[in-house]
Structure formats: C-alpha cells, structure tokens
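Welcome! Take a moment to look over the chain below, and then we can walk through a few of its features together.

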Amino acid sequence: MALKLSVIGTGYLGATHAACMASLGFDVVGIDVDESKISQLKLGKVPFFEPELEPLLAEQIASGRLTFTTDFSAIADCDVHFICVGTPQMKDGLAADISYVNASLDAVAKIVKSGALVVGKSTVPVGTAMRLREKLLSINPAADLAWNPEFLREGFAVEDTLHPSRLVVGVMSDSAENILKEVYAANLAEGTPWVRSDLPTAELVKVAANSFLATKISFINAMAEICDASGADVTVLAQAIGYDPRIGNKFLQAGIGFGGGCLPKDIRAFMARAGELGATESLEFLREIDSINNRSRNKVVEMAKRELGGSCEGKRVAVLGAAFKPNSDDIRDSPALYIASQLKVAGADVVVHDPKAIENSKKKYPELSYVDSVDELLAGADLVLHLTEWKQYREIDPVHAKSLAHGAIIIDGRNALDMNAWSSAGWRIHAVGRTSR
Ligand SMILES: NC(=O)c1ccc[n+]([C@@H]2O[C@H](COP(=O)([O-])OP(=O)(O)OC[C@H]3O[C@@H](n4cnc5c(N)ncnc54)[C@H](O)[C@@H]3O)[C@@H](O)[C@H]2O)c1
C-alpha cells in the first residue's frame, strides 16, 4: 500500500510539497494552524502566487488524494509527517525563531503512530534535529525523525519539488532512509542525486548552500561598487568571469541584492548559531555579505535622491516591482519595498506596480500608493525605479514610456533593461556598476 503522508505547515513550501506529493500518487493531508489558509486550500485556492501550483492543487483535491485540516488527530494514521513550518528571524536578534518547529513537533509527537517517520524540511539551526529526535523518541520510541532540507526556488516551486537538483536525507537509521526512498522513488528513478548524511550535516547543507548563494550575489555587488569607482561595466565583467565553469554565470547580476523569506534570515541565523557553537570567526564573512547587501539597497535610495535634485518632496517616484523576485508575490524582506518606503519617508509620492504582489504590499506598506497598470504608474513620474525584474517590465517600450512620464529618468536596480534602447528613446538611465547613459 502507498504511504500516507502529512504535511505540517502549508505555506509556500508546505502547500507545494503537499500538492506535488499527491500528484505522485500518495494520499496527503495538509495541516496548518492558520484556519483561513486551510479554508482557502480546501477550495483549491492557493493563498499566495506560485506558477503552476493552483491547477495542480485543484486537480489533486479533485482526485481525493489531497485533503486539508487544522485537526492534528486527522493525521494520526500517516506514515510520514513532513514538518514545513516557518522559521523566521527573531524579532530581537539574528537567530531563527524555531518556536513553530517546536510546537509542530510537540503536536505530532502526541499523535504519531509506531513505525512512522517525522521528516523536517524547514530550515533550522544545526543541532535542532537531534534535539527534536530525542524528544520524539522520549514520547514514542517506535517512531523516528529524519531531516530532509528543501531547496525549491519560489517561482519554480512545482518544478523544483517534482524534479529537485538533489535530495539530501539526514537519517539515523537505514529504515528511515528506506522510507524516504519510497517517498522519493520517482526522483530516484530519474537519477536525482541522493545524499545520505547524519542529521547535523543535512541541516548544515541548507544554510551552507544559501550562504554560498548570498555570497555570490554580494560578491558581484561589491564588484559593482568597484566598477562604479573605476568606470568599468559590471555586466560585462560578470559575463566574462561567468564563462569559467568553476565560477558559472548564475546569480551574478549586480543590483539591489537579495531578499525574501530565506537568504537574509538564513545567513543571520547561521551566524547566530555559529556564535552559540563558539565558531563566530568562521562565519564573520557573512556579516560583510549582509552589509554589502544592505548597502546595495541604500545606494539606489541615495541615487534616487540625487536624481531628484536632493529633495524628494512632492516628487512622483514610480516603482516597477514590489515582490522580492519575479514570478512570486512574496514580499518578505523585499529590497524593492525597502527602497520604496525609504523614498516615501524622504517625502516622495511613491507609486508601486507589481503583477502579483500588490495585495501583500498594501497590507505591509499601506503608506505607499498602488496602481494596476504600468501606464498609470508611469504617468507623470519624475523618476522611475525598476526594482523587480518581471519579464513584462523588460518589454516596456521606452518611447511610449517617455510619452507618459514627466522626468524621463530611470534607475535599473536589476541591471535587466536594455540601456541602449532606453537612452536612445531619450531617457537618462542609471544602473549599478555601469556608466549612466
Ligand atoms: N519559501 C521557500 O522558498 C523555501 C525554500 C526552502 C526552504 N524553506 C523553508 O521552509 C520553511 C517554511 O517556509 P515558508 O516560506 O513555506 O513559510 P510560510 O510562512 O509561507 O509557511 C509556514 C506555515 O507554517 C504554519 N505553521 C506555523 N506553526 C504551525 C504549527 N505549529 N502547526 C502547523 N502549521 C504551522 C504557518 O501558519 C504557515 O502557514 C522555512 O523554514 C523556510 O526557511 C522555504
């Protein structure tokens, strides 16, 4: 008989994981403490934007394999429980708040059946899994716990879940590994690399990977600073170094840096954990990565103020993009909204457009103005900021845009627009690490 799975925490990660596992033929119960989220999911509605997820979710609910609940007793008969709850940054420090992980383990430990496997997917400080396993076994010695970190990218979450780049399984027993091999049989059949490790290594793989990615982005942003100081072009530099396969050309786009619900909080939590382990020095470089990242945002704020002649009062600033990255409505730690709100504080009349993230943005930044169309956004703008690289923004006709705007000045915070096309259309265009045109 096919395994029955539960997915605890049905946010970006959990809702995707639940729908994808159901599509592989498993019976899946998604469970969350957020009743409104569960009511929407029950109706086949995804409470956030993720391409391809909603049709998959609706299809799996209709198949009868996928259900949602807020009642933990409804998952007591599951063979595998995936913990996918949030691990945000603590309000008063750099560390991760793992209270949701602790609460979900407590809840599942009460109902888990003998022989079942609890599998952590949330990103947690190293050492968490071992502690949780001890707790679980103290309540039910016949259950087990493994850690299976998640590497999906928002915007590609369905594809990444169904066809991951690798599967990392931190286990303490062969039987735990065998259960996970059954869950991921389809991936194994298509040759997905399988890495078995102990629990701390599995936890560390995730934060090490995110630290490397963050480092790559801040590295190119540091190069952009040097290019700005020396008159070189960071986009050509990135292209040229990227041809070296040891470097690669991904994640080398200079701009306003990284944001979202993972990279910033993960590197900070990693530093905090290193401190607790007496290894502060080992991750001291991440402090610099974080500060380069923050500087990248602030540089665009300063550039915008300069372009507005030193005073933002009464100036209309049009912001293209609010989500932390395209193909997502996630605004957690969004560089775009940070820049928009800083300019608002400085007195500008800031108007924001985003194809998917307006509703989330309105809740968190009610002081900003929002419009539904790019034409409305550009109308009368003294300054345009391109801050999230949605495809539709690259397709804006600069000639048409100029007929709408007031100022014909644009800052490309993502180095994604065609500088020549915009400058030929009469715009003054700035981008980090490149000479303005
Ligand atoms: N979003 C991503 O792209 C991504 C990728 C890889 C890893 N992760 C990691 O996955 C975890 C979840 O991230 P997310 O983006 O899905 O977060 P999220 O905030 O979108 O979702 C977390 C969900 O957990 C629920 N929850 C909290 N406490 C609960 C409890 N006790 N029982 C049941 N549900 C509970 C919340 O209501 C929420 O719906 C984090 O550790 C994150 O770092 C996220």
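Which strands does α13 lie across? Helix α13 lies across β9, β10 and β12, and it runs at about 160° to β10. Please keep in mind while you look around that this is a predicted model.

**The sheet and its helices**

Those strands belong to an open sheet of six, in the order β11-β10-β9-β12-β13-β14, with parallel pairing. At the edges you will find β11 (369-370) and β14 (428-431), each of which pairs on one side only. Another helix, α12 (residues 284-307), also packs on this sheet, where it touches β9, β12 (383-386), β13 and β14. The direction of α12 makes about 170° with that of β13.

Now follow one pair of strands. Strand β9 and strand β10 (residues 349-353) are joined in the parallel sense over five bridges. Across from Leu320 you can find His353 in β10.

**Two asparagines with positive phi**

Next, turn to two loops. One of them links β9 (316-320) to α13 (335-345), and Asn327 lies in it. The other runs between β13 (409-412) and α18 (419-424), and that is the place of Asn415. Asn327 has a positive phi although it is a residue other than glycine, and Asn415, not a glycine either, also has a positive phi. Here are the values side by side:

| Residue | Phi | C-beta neighbours within 10 Å |
|---|---|---|
| Asn327 | near 65° | 20 neighbours |
| Asn415 | about 50° | 22 neighbours |

Are these loop residues buried or exposed? Asn327 counts as buried because it has 20 C-beta neighbours inside 10 Å, and the cut-off for a buried residue is 20 or more. Asn415 has 22 other C-beta atoms within 10 Å, so this residue is buried too.

**Around the ligand**

Finally, let us visit the ligand. How many residues are around it? There are 27 of them, and those that come nearest are Gly9, Gly11, Leu13, Gly86 and Ser122. Two elements, α1 (12-23) and α4 (99-111), give two or more residues to this shell. Helix α4 gives the most, with four residues. Sorted by class, the shell around the ligand holds 12 nonpolar, 10 polar and five charged residues.

Technical notes:
Residues numbered from 1 in each chain as written. Predicted model: local features only at pLDDT ≥ 70, side-chain atom pairs only at ≥ 80, totals over all residues. Buried ≥ 20, exposed ≤ 12 C-beta atoms within 10 Å, placed from the backbone. Pairing = 2+ DSSP bridges. Contact = placed C-beta atoms within 7 Å. Axes fitted to C-alpha atoms, helices over the stretch in contact; angles between N-to-C directions. Near = placed C-beta within 6 Å. Nonpolar A, V, L, I, M, F, W, Y, C, P; charged D, E, K, R; others polar.
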